[in-house]
Amino acid sequence: MLLQLKQVSLSFAGNTVLHEVDFGVAAGRIHSLIGPNGAGKTSMFNVITGFYRPQQGDITLDGERIVKCKPHAVTRLGIARTFQNVRLFREMSVLENVMAGQHCRSKAGALAAILRLPSQRAEERRILETSLECLDFVGLMGHQDRLATNLAYGHQRRVEIARALATEPKLLLLDEPAAGLNSGEKQALIELIRRIRDERGVAVLLIEHDMSLVMNVSERISVLDHGSLITEGDPHSVQNDPKVIEAYLGQDDEELAL
Amino acid sequence: MDKHSPPTPTDVDEHDAGRAKPRHPLQKLYAAFESPGRRRALHLTILAILIVTPWISSQYTTVILTNALLYVVLCLGLNVVVGYAGLLDLGYAAFFAVGAYTVGILTQQFGVNFWAAIPFALMAAALAGVIIGGPTLRLRSDYLAIVTLGFGEIVRFTARNLEITGGASGLSHIPEPSLFGWHIDSSIDFYYVFVVLAVLAYIASQRLFDSRLGRAWLYVRHDEDAAEAMGINRVATKLAAYVTGAIFGAIGGIFFSVNLGAISPESFSFQQSVLILLAVVLGGMGKIPGVILGAFIVVLGPELLRDFGTLRLLIFAVLLLLIMLFRPSGIWPEKRS
């Protein structure tokens with residue numbers, strides 16, 4: 001397993017958010033995490049990426065413990081993420097946004113920058129090339145000099161993915177990447193997710209409410225309800241699991257159409 | 001996109017972005033110097049003016065301009081902290097003081113050569129930056145402002161009460177430096193020293209801004225969580241801004257002390273910190289040409305208004321208020337609109 005959670009529990013002021021979750025993502029896999037609203041999906045992302053510290057349990061990436069790491073250290077070790085509500089650096093250019101991802105793969109400090117050392121210049125060139133390559137990969141070549149905030153919403157989501165890819169991750173966490181996209185954009189997103197795995201070898205873990213997208217793109221699906229994992233399997237078996245249907249009862253129609 | 005839906009604002013924007021005409025006069029000026037060739041010509045012109053000025057103006061003007069150039073160095077340093085990293089610092093004069101006092105003490109009391117004393121002054125300033133920054137950078141910016149204000153006052157009171165710093169009367173007879181046989185002592189000599197420092201501070205600011213670290217400061221200022229998620233250590237990044245700013249301040253202080261030959265705690269008052277911050281905010285935080293303009297306005301403004309006698313500070317204050325009223329984000333326009 002690339003990512004492994006063992007007996008992870010998280011609570012806020014006595015409210016249990018995650019309860020003894022055992023969960024794993026295999027290398028090179030497209031894996032989805034689904035569940036009703038409030039099931040604890042985003043909390044799980046925040047625990048994995050170091051934004052929340054679980055009270056109990058262990059998390060490893062490639063065998064390395066990441067459970068007490070700060071978010072920036074987790075990213076450096078190889079997990080990148082996007083946010084549920086797009087969080088770009090709005091007043092900066094698209095290219096500058098993507099370059100942020102390269103920060104943890106470079107090291108020049110203030111003195112190297114002021115003196116413009118050859119190593120610093122070479123590093124800047126590499127940051128630029130990698131970032132442009134990531135932008136090209138998500139299909140946004142030509143938009144690099146525009147302000148992030150001026151981009152159409154669907155494009156902003158792609159910039160966020162490019163920025164995450166620029167961290168050169170082993171595992172990419174996508175938090176509701178299809179939210180707010182139209183059907184054409186969703187189709188393109190499915191292709192993009194597949195290409196991320198096929199061409200870059202990056203495992204993808206996504207949280208998504210759009211069931212047709214989840215069933216279409218996932219190789220494995222885990223279902224979270226009230227902070228516990230209730231089942232896991234391939235799309236077909238999860239779709240027909242009575243526990244899953246029960247968990248979704250009372251949810252809105254879109255999710256019932258499982 | 002649905003063909004029948006009306007164009008969204010972003011669609012319109014896409015077509016007009018390249019054709020938008022800058023309206024503000026300064027914006028036009030900025031646009032005129034977008035090309036590298038013109039920018040180079042502008043740099044050379046400004047440099048030529050700076051070199052020639054002391055030969056065609058009075059000694060009084062030279063001294064005032066020297067002070068303005070000192071402010072350029074200090075303001076560009078504070079701009080790294082406030083403008084780039086977004087950390088409000090109300091005690092910046094403390095770093096200025098650390099640089100000035102370290103060199104003053106080492107050269108005047110211990111007979112250390114001026115140039116040999118510089119590395120110690122820079123190290124002292126960096127250390128001061130870490131000491132104040134380390135424990136406080138986790139604070140929100142308004143609390144940080146209060147802590148830095150306190151730090152500035154602590155440094156000033158320490159200088160006033162220690163024997164080694166000369167107490168309230170400060171240090172005097174700080175020896176003037178020489179460089180390869182050139183004894184730097186006249187006001188024109190020091191003017192040129194500060195021209196060199198201001199140019200170096202300008203180049204350093206520009207290079208920092210265009211670097212990995214410079215971008216990291218902006219990321220952290222814009223969205224700390226997103227920056228962390230991108231693998232940027234926000235505490236280390238803010239600390240780097242603090243230390244960089246401290247070193248700029250110390251360099252200003254080092255040459256300030258040998259220029260005047262005497263320093264006292266009152267040279268590093270809260271008012272000094274506020275004036276430097278004022279110049280940065282006035283010019284436009286994070287915008288290098290704006291900050292330089294701000295430094296000149298803060299120093300030259302009261303001098304140009306000297307004809308108004310006792311009213312000059314009042315008039316200056318009203319002018320500043322008017323500027324902030326009409327240009328709340330600083331005189332210099334945004335690079336992209």
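The dialogue that follows reads selected features of a predicted two-chain model.

Q: What conventions apply to the numbering and to the confidence of the model?
A: Residues are numbered from 1 along each chain as its sequence is written, while chains are lettered from A and ligands numbered from 1 in the order in which they are written. The model is predicted, and local features need pLDDT of at least 70, side-chain atom pairs count only at pLDDT 80 or more, and totals for chains, interfaces and linings use all residues.

Q: How many residues does each chain give to the contact between chain A and chain B?
A: Two residues are in contact if their C-beta atoms, placed from the backbone, lie within 7 Å. By that criterion chain A gives 31 residues and chain B gives 26 residues. On the side of chain A, the elements with two or more residues are helix H2 (71-77), helix H3 (94-101) and helix H4 (110-115), where helices (H or I, at least four residues) and strands (E, at least two) are DSSP runs numbered from the N terminus. The residues of that side comprise 14 nonpolar, nine polar and eight charged; here Ala, Val, Leu, Ile, Met, Phe, Trp, Tyr, Cys and Pro count as nonpolar, Asp, Glu, Lys and Arg as charged, and the others, Gly among them, as polar.

Q: Into which domains is chain A divided, and how many residues does each give to their contact?
A: Domain bounds come from an automatic or database domain assignment, and in chain A they give domain 1 (1-78 + 169-258) and domain 2 (87-168). The C-alpha centres of these two domains of chain A are 26 Å apart, and their contact takes 10 residues from domain 1 and nine residues from domain 2. On the domain 1 side, H2 and helix H7 (183-200) of chain A each supply at least two residues, with H2(A) giving the largest share, three residues. That side of domain 1 of chain A divides into five nonpolar, three polar and two charged residues.

Q: At what angle do helix H5 and helix H6 of chain B pack?
A: Two packed helices are described by the angle between their axes and the distance between the axes. The axes are lines fitted to C-alpha atoms, for helices over the stretch in contact, and angles run from 0 to 180 degrees between N-to-C directions. Helix H5 (residues 93-110) and helix H6 (residues 114-136) of chain B pack at about 145°, with axes 8 Å apart. Residues that meet in this packing include B:Phe95, B:Val98 and B:Leu106 from H5(B), and B:Phe114, B:Ile118 and B:Phe120 from H6(B). The contact of H5(B) with H6(B) has 13 nonpolar, four polar and no charged residues.

Q: Which residues of the largest nonpolar core touch the most other members?
A: In soluble globular proteins, nonpolar side chains tend to be buried together. A nonpolar core is a set of buried Ala, Val, Leu, Ile, Met, Phe, Trp, Tyr and Cys residues joined through C-beta atoms within 7 Å. The largest such core has 167 residues, of which B:Tyr71, B:Val72 and B:Cys75 touch the most other members. Helix H4 (residues 59-84) of chain B gives the most to this core, with 15 residues. Domain 1 (1-78 + 169-258) and domain 2 (87-168) of chain A both give residues to the core, so it lies between them. Leaving aside neighbours within four places in sequence, B:Val72 is in contact with B:Ala198, B:Ala201, B:Ile292 and B:Ala295.

Q: Is B:Gly231 buried or exposed?
A: A residue is buried if 20 or more other C-beta atoms lie within 10 Å of its own, exposed if 12 or fewer, and partly exposed in between, with C-beta atoms placed from the backbone. B:Gly231 is buried because 28 other C-beta atoms lie within 10 Å. B:Gly231 is in the loop between helix H10 (224-229) and helix H11 (234-260) of chain B, and the residues it touches include A:His72, A:Arg76, A:His103 and A:Thr167. By contrast, B:Gly111, in the loop between H5 and H6 of chain B, counts as exposed, with 8 C-beta neighbours inside 10 Å.

Q: Where is A:Glu168 found, and what is its phi?
A: A:Glu168 is found in the loop between helix H6 (153-165) and strand S7 (171-175) of chain A, and has a positive phi of about 55° although it is not a glycine. A:Glu168 is partly exposed, with 19 other C-beta atoms within 10 Å.
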